[in-house]
Amino acid sequence: MIQIVIAEDQRMLLGALGALLDLEEDMEVVGHASNGEEACGLVRRLKPDICIMDIEMPVKDGLDAAEELYEEPCKVIILTTFARPGYFDRARKAGVSGYLLKDSPSEDLATAIRKITAGQRIFDPELVDLAFADQNPLTEREREVMQLMADGRNTKDISKALFITPGTVRNYVSVILEKLEVSNRIEAISIFKEKGWYKGQR
């Protein structure tokens, strides 16, 4: 019997997903969580085979939770509405075994769970195409600057946080705007978040 924990902050969807999977003869939903922190606790306590995780949840999102569970034997499947290359890239680095979209047929999820339990990795083809077509063009330092900008920091704050001069920050911002093909910081932040490259305020 494949034991499953589901983490989803929308109660109706959480219940429906659990009921659907419980109909499968070889699956049992042993735990429900409404955020990533609860999911991590359940995985450590119940030792399930699979944890199905949404991304955008309160307290701790699904990607942070997946990173935290990296060393656990439980296999993590991200199930989300967000086909964003940045999210997919983070999920792969966190070692998730599957990344599926919520608009997939429910039988596809059950099939994916069986394949993942058997050792395969299952990623939605749409995400694979997006990931390779839409790579983040920013360097690591530019991403740090962009992350702080998206956190609401100004030039002076960023220069203090990264131990660089305000002039250097402005130079980085100019390069970032050029690479993202936008004309101002607000547009840059919007793209940075839209593509899933923003890691949330630290």
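Mentor: Let's start with charge. In this predicted model, the protein chain carries 26 positive and 35 negative charges, and their mean positions sit 8 Å apart.

Trainee: Okay, and what does the C-alpha trace span along its principal axes?

Mentor: About 65 × 30 × 30 Å for the protein chain. Within that, you'll find 10 helices and six strands.

Trainee: How much of the protein chain counts as buried?

Mentor: Of its 202 residues, 44% do. The accessible surface comes to about 10600 Å², and carbon and sulfur atoms hold 50% of that. As for contacts with a separation of 6 or more, 63% are between residues 24 or more positions apart.

Trainee: Now helix packing. How do I read a pair of helices?

Mentor: You describe two packed helices with two things: the angle between their axes and the distance between those axes. Here, take helix α7 (residues 140–150) and helix α10 (residues 185–194): their axes come within 10 Å and cross at roughly 100°. Angles of 65 to 115 degrees count as roughly perpendicular, so α7 is roughly perpendicular to α10.

Trainee: Which residues meet between α7 and α10?

Mentor: On the α7 side, look at R143, M146, Q147, M149 and A150. They meet R185, A188, I189, F192 and K193 of α10.

Trainee: Which residues of α7 are buried, and what covers them?

Mentor: The buried ones are E142, V145, M146, Q147, L148, M149 and A150. Their cover includes α8 (155–162), α9 (166–180) and α10. While you're there, check G152: just after α7, that glycine takes a positive phi of about 95°.

Trainee: How should I read the sign of phi in general, and where is a positive value found in a residue other than glycine?

Mentor: The general idea is that most residues other than glycine have a negative phi. In this structure, K47 goes the other way, with a positive phi near 50°. Look for K47 in the loop between α2 (36–46) and β3 (50–53). F163 isn't a glycine either, yet its phi is positive, about 60°. You'll find F163 in the loop between α8 and α9.

Trainee: Are K47 and F163 buried or exposed?

Mentor: Exposed means over 50% relative accessible area. K47 has 54%, so it counts as exposed. F163 has 76%, so that phenylalanine is exposed too.

Trainee: So for a loop residue like F163, I'd note the positive phi, the place between α8 and α9 and the exposure.

Mentor: Yes, and for K47 you'd note its phi near 50°, its loop between α2 and β3 and its 54% relative accessible area.

Conventions: Residues are numbered from 1 along each chain as its sequence is written. This is a predicted model: local features need pLDDT of at least 70, side-chain atom pairs count only at pLDDT 80 or more; totals for chains, interfaces and linings use all residues. Side-chain values use heavy atoms; hydrogens and water are left out. Helices (H or I, at least four residues) and strands (E, at least two) are DSSP runs, numbered from the N terminus. Buried means under 20% relative accessible area, exposed over 50%, partly exposed in between (1.4 Å probe, protein chains only). Contact means heavy atoms within 4.5 Å. Accessible areas come from the Shrake-Rupley method with a 1.4 Å probe; for residues, only the protein chains shown count as cover. Lys and Arg count as positive and Asp and Glu as negative; His and the chain ends are not counted. The place of a charge is taken as NZ of Lys, CZ of Arg, CG of Asp or CD of Glu. Axes are lines fitted to C-alpha atoms, for helices over the stretch in contact, and angles run from 0 to 180 degrees between N-to-C directions. Angles under 35 degrees count as roughly parallel, over 145 as roughly antiparallel, 65 to 115 as roughly perpendicular and the rest as oblique.
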